[in-house]
Structures are given as structure tokens and as C-alpha cells.
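Q: Could you walk me through how the helix packing in this model gets its labels? I'd like to see each value set against its definition.

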Amino acid sequence: MKAFERVRKELLHASVVALCLVGLESAPIPLRAQGSNQDVELQIGQEIFGELKAKGEIVESSPLYEPLRPIAEAITRAAQPRYNHPFKFYLVHEPQPNAFAAPGGNVYVVDSLLYFVKNNDELVGTLCHEVSHTIHHDTVELMEKEEKILWREIGAAILLGAGRFQILGIALLGKLHSLSYSRDVESRADLTGSDICASAGYNPWGLVWLFQDFENAGRGDVPQLLSDHPNNQNRVNALERHFRENPSVFGKFSSDRKSAAPLSVPKNAPEVFLH
Ligand SMILES: [Zn+2]
């Protein structure tokens, strides 16, 4: 939690700087609301949700929730003991097939991702990877490292007259779409994600198959998801080593993608275009 305190202080400082820049006199209010038990991650997550909702991206109801629901429940059962806020899964409508997790426990799944993946295990692998970023607090850690970019966004948001949590939401939502984690951070999320997949009862090889799909897809077809980091083979190697080193967990899963159950997407789902 120390990291969040640091981020909180830095954001507070950023607010002060930005307020000074625009010539406002009012003192900044601490990010942690007085008397509130909610922590900063939860507050930030709620603001991100509010931003997505305001942009009309949250899909309230869709037949695509049918295949997503049992997967989300299985992942939540396996992952929840590792995180202190409830995981919740939402479909969102965006141009690129993608999935991203926000601090506070929300996991956003772009509807077209359900058409991009080739089977259940690839979808589960992707979501387990994203959930692992939340468990490891990677977003907040990255915010610390890229504070200059964040400060610029916060300054712009303040100029637009946004409230302090709204500012965080806007800044973070922008970041969630352009995160560039280090290879080590990505690999750590892969390994934790594979552990969660296995304990959720899904085949952890799904993530490996997904990387292979990306390799095989034409350049224009590769979604942003997992593709910002060209060292996919290193990540695949790390996953395979992890599987070999833990045969009691992973030995029972087949590396053959033909063994995977196809994802059945309801026929009455709205048409989604991948391009
Ligand atoms: Zn990642």
C-alpha cells in the first residue's frame, strides 16, 4: 500500500502545481475522502467506470454476457482471495478487441474480443492476465514511473474544470489504453494469470495459443491487446518453463489447442466488426 500513498501524495502535488498554473487559490482536498474507508484504488476505479459510462461504452445488457458470465464467475472464485476488492466484469463497446483491468477490481471486456478469440481458454487466459495486473497493482506502480505524463493529463483536466476524482478517472482511463508495462511486469502477469486459469479449471495454454494467434494474424489484424510488447516468444518461453516446473498444477492440461472447447457466441448477438 506504500506505493499508493506515494502516488496519492504525488497526485496531490500535481493538483497543487496545476492549480497554481491556472491561478486558482483554493487548497487541494486530500484524495482519500475524510471518514471514508474506501481506499484510493477503489475511488480511482469508480471514476474510470463513470468515465466509461459517460462515454456510452458500458454495455448494460447483451446476449454476449451469457458466455462471459460463467467464465467471469470461475475467474473470480480463483482470483478473489488475492485481492481486497470484488472483481466485476463488464462488456464495453470499443473499436479494437481488447480487455483491460482497472484498479479497484473492475475488468472491462470489449465485445469484439469474444469474436477474436478461438476458444474459451484463450478468453480466460486474457482475462486472467488482466486480473493479475490488478492483483499486482501494476497500474498504480506504472503511474508512479510515468508521473510526468500523468501530471500533464491532470493539468489539462483541471483546466477543463473537472473534480479531483474525475480528474484521476480521466487520466487513468487514458493510460489504461496506452499502458506500456515492462517485459518483466507482463511476464509476471502471464505467470500469475496461468496459475489463476489453472485453479479456475481452464487450460492455461490458452494464453500461449493467443500469442500464436497474434503471430499468425496479419499486421493490421493484431489488436492492441498484448501486442504492444513484441517479445511474445520470451513470454511464451517463460510460461512453458513455469508449466514444466509445476507439473502437479499444469501437467494435466493439454498443449494441443484442438483439445479446447470452442467459445459459443449467441447467434442473436449484435454484429461486431473487428476493423
Ligand atoms: Zn498486460
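Q: Why are α3 and α9 called roughly perpendicular to each other?
A: Helix α3 (residues 65-79) and helix α9 (residues 183-200) pack at about 110°, with their axes 8 Å apart. Angles of 65 to 115 degrees count as roughly perpendicular, so α3 and α9 earn that label. Axes here are lines fitted to C-alpha atoms over the stretch in contact, and angles run from 0 to 180 degrees between N-to-C directions. Helices are DSSP runs (H or I, at least four residues), numbered from the N terminus. This is a predicted model, in which local features need pLDDT of at least 70 and side-chain atom pairs count only at pLDDT 80 or more, while totals for chains, interfaces and linings use all residues. Residues are numbered from 1 along each chain as its sequence is written, and side-chain values use heavy atoms, leaving out hydrogens and water.

Q: What makes up the contact of α3 with α9?
A: Contact means heavy atoms within 4.5 Å. Ala 74, Ile 75, Ala 78 and Ala 79 of α3 meet Ile 196, Ser 199 and Ala 200 of α9. By class there are six nonpolar, one polar and no charged residues.

Q: How do you know that α10 and α11 are roughly parallel or antiparallel?
A: The axes of α10 (residues 205-216) and α11 (residues 232-245) come within 10 Å and cross at roughly 160°. Angles over 145 degrees count as roughly antiparallel, so that is the name for α10 and α11. Among the contact residues are Trp 205 and Phe 211 of α10 and Arg 235 and Phe 243 of α11.

Notes: Helix = DSSP H or I, 4+ residues; strand = E, 2+ residues; numbered from the N terminus. Parallel < 35°, antiparallel > 145°, perpendicular 65-115°, else oblique. Nonpolar A, V, L, I, M, F, W, Y, C, P; charged D, E, K, R; others polar.
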